[in-house]
Amino acid sequence: MNYRWRIDLWIFIACVVGLLTGAVLWLTGWRTQAQWAWLAGSVPAVVVLLLGMIAALRRREAGVDVLALVSIGGALLLQQELTAAVIAVMLASGHLLESFAERRAGREMAALLERAPRSARCYRDGVLVDVPLEEIRGGDRILVRHGEILATDGTVLAERAVLDESTLTGEPLPVTHLRGATLRSGCVNAGDAFDMEATARPADSAYSQIVRLVAAAQRTKAPSARLADRYALWFVPLALGLAGMAWAISGDPLRALAVVVVATPCPLILAVPVAVVSAISRCAQRGILVKGGGALEALAAARTLFFDKTGTLTGGQAQLIGIGNAGVVDDDALLGLVASLEQFSHHVIAKAVVTAAQARAITLGSVSDVSEVPGSGVQGKVDGRWLVIGAHDYVSRHVDLPSSVAELLERTNADGTAVVLAAIDGHYAGALLLADQIRVETPRALRLLRRAGIQRIVMLTGDRQEVAETVAVGIGVDAVLAERSPAEKLDAIQQASVTGPTVMVGDGVNDAPALAAATVGVAMGVRGATASAEAADIVLLADRLDRLAEALVIARRTRQIAMQSVLAGMGMSLLAMLAAAVGFLPPLYGALLQEAIDVAVIVNALRVLRVRPLRIFRYRMAPEDVARLRADHQRLAPVLDHLGTVIARLPEMPSAEVPPVLVDLDTHLREELLPHESADDRELYPVIADMLGGDDPLAAMSHSHREIFRLHRLFAAGVARLAAHPEDVATRRELQRLLYALDTVLRLHFAQEEEIYQSLSAE
């Protein structure tokens, strides 16, 4: 689009220079030369209009530029050169603003090509050499190092390969492929280096197919009609008809010219681009990159929204969500031991475990004698204790696992949770549970989108059906389309686009074709693949989903303001046309009046700069305050883990061990959790309520506090009864029920607080 911007800029400069030069020559007495200067300043605009008319006719379209061409051409034929020059400047300024609004647009495939490897490490006569992609053939043996992208499709020659396939499938967790498994290009090696055998040329690979899908979608995507062109369908015939009547009745062609001049749709030519440029600027202030006015218009009209799951509705990275402790060591000790050993693994899950330990300020131990089977597990000594950690098949070869492990794996497999089993000194010690979590702002963002006018929300993902449905139930989407390949995503978008404008939100390479095919493609730009950002019309640079709701509000408010400007400008133009038709407005004065109308229209369009995309609270919470509150929650995470561990162990625990365990849990709740909740209700909630406004915005949250304290009182009373009668099965069963309820309320309460903090965050 840079070439269009430069052309429009030079045309605008030429028109302005022609107008000003003519004015100077006229004032200095060089009248004939002034007329030639004005004529020269009008010619570039006429050329642009003619070329645009020809292109429009080829598309069987007609737009607002028809009147501009008639008015400039008529002024030149009737030797009204100054009038023609003034109209040319107005027209050139409108085109310049419009091209500026779309300057960042463009859907080049440069990002996809940049991400694709240029060469691969192949074996040639037993020696590793860098081979250009075009020289790779089926049967070549290729070494894929850690972090490298697979250059072509192939099969695994090593014992196993661990790949990050999230950009292709949407699956957030790494996938282990055993010897002989089929691999697809575009995936990233998330484990140790391995050898593979190419089964296709890079040009025929899965990644190249995605590139071609994006290009094809872009070629077939129909352009959106401009708002101004839609109004021109009735305004142009009306203006030309009135001009013809004025000429026929008066016999004076200047009256017809005057009508056409004041009818020149500069409110249409200027108001919409000014509003769009202002909206793009407003979006940029909120971390939203909009690549053109067409994207804003289409977004304002959209009613159907498609979301990818991984990296869009969810964070796209595994996070520790729980610890299943078997009682060998406490929760923090188990996490610290496992994280100490995981430091030496390249696995993505290993990094998530280490990150979780660091977040809890757990000191990692001294490690020795490390041995890893990539994608399966690791073993070694940590502070003198022998650890075996990893997948079920790996750990079960070294220690006997209880039957509860199989039940745990069956339960976690349904919702896509990754499980890291751990054994210490030959005894099963527990499991770490990790999953890709829903973004904090996702539920609120979807509610805001519905409030802004979105009627149907569909999850469109390559992830497994059961995992996608688990996420969907939690956030309230209308439909789930899971296990979809890039081509199937593209097909779903194209089918939905037949019935109306569609919006697709994604972040991976696998989303790029769908983003390009949707009426409006939206990419999560901070962590998302560059290919998806290039294929999208809008990029959320802030990497917050609620920014899309803000973009939608800005787009709809922009359309309203633009329509106000257009209708007001056209109404004033109609009055001026009537005055010109009866001879009260000569062409030149009509052009000047039209300029005054333009100024009023532009001033109104600039109100877009003051659009408040969402309800603005009286105060915003400083980032450091949000970080402090989240740190408080992070500090309490071990308490929740301990609560979960007690719930899991309680049914099988010997009666004599139950009272001490429950007393210890009660101590943690009294000394750590309850003081935190009391302080929140007493000190934090009044401040947040003032920020939110309203009569009592945190009534439900305070009710949760009361429920937490009520459940604890019942729990403490039950612990006292059980301590006196350890064999009381009914009391034990009641305590377990209370702990389940307390765990549920606490986790829901913490999630609600996190969402409020996110809403009030200044960033």
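**Exercise 1.** Determine how helices α26 and α27 are oriented relative to each other in this predicted model.

*Solution.* Begin with the elements themselves, helix α26 covering residues 699–724 and helix α27 covering residues 729–760, where helices are DSSP runs of H or I with at least four residues, numbered from the N terminus. Their axes lie 9 Å apart and pack at an angle of about 155°, axes being lines fitted to C-alpha atoms over the stretch in contact, with angles running from 0 to 180 degrees between N-to-C directions. Angles over 145 degrees count as roughly antiparallel, and α26 and α27 are therefore roughly antiparallel to each other. By class, their contact has 15 nonpolar, six polar and four charged residues, where Ala, Val, Leu, Ile, Met, Phe, Trp, Tyr, Cys and Pro count as nonpolar, Asp, Glu, Lys and Arg as charged, and the others, Gly among them, as polar.

**Exercise 2.** Decide how far leucine 714 is exposed.

*Solution.* Leucine 714 is found in α26, and its relative accessible area is 38%. Buried means under 20%, exposed over 50%, and partly exposed in between, with a 1.4 Å probe and protein chains only, so leucine 714 is partly exposed. Its C-alpha atom is separated by 8.4 Å from that of leucine 735, 21 residues apart along the chain.

*Conventions.* Residues are numbered from 1 along each chain as its sequence is written, and side-chain values use heavy atoms, leaving out hydrogens and water. Local features need pLDDT of at least 70 and side-chain atom pairs count only at pLDDT 80 or more, while totals for chains, interfaces and linings use all residues.

Conventions. Helix = DSSP H or I, 4+ residues; strand = E, 2+ residues; numbered from the N terminus. Parallel < 35°, antiparallel > 145°, perpendicular 65-115°, else oblique.
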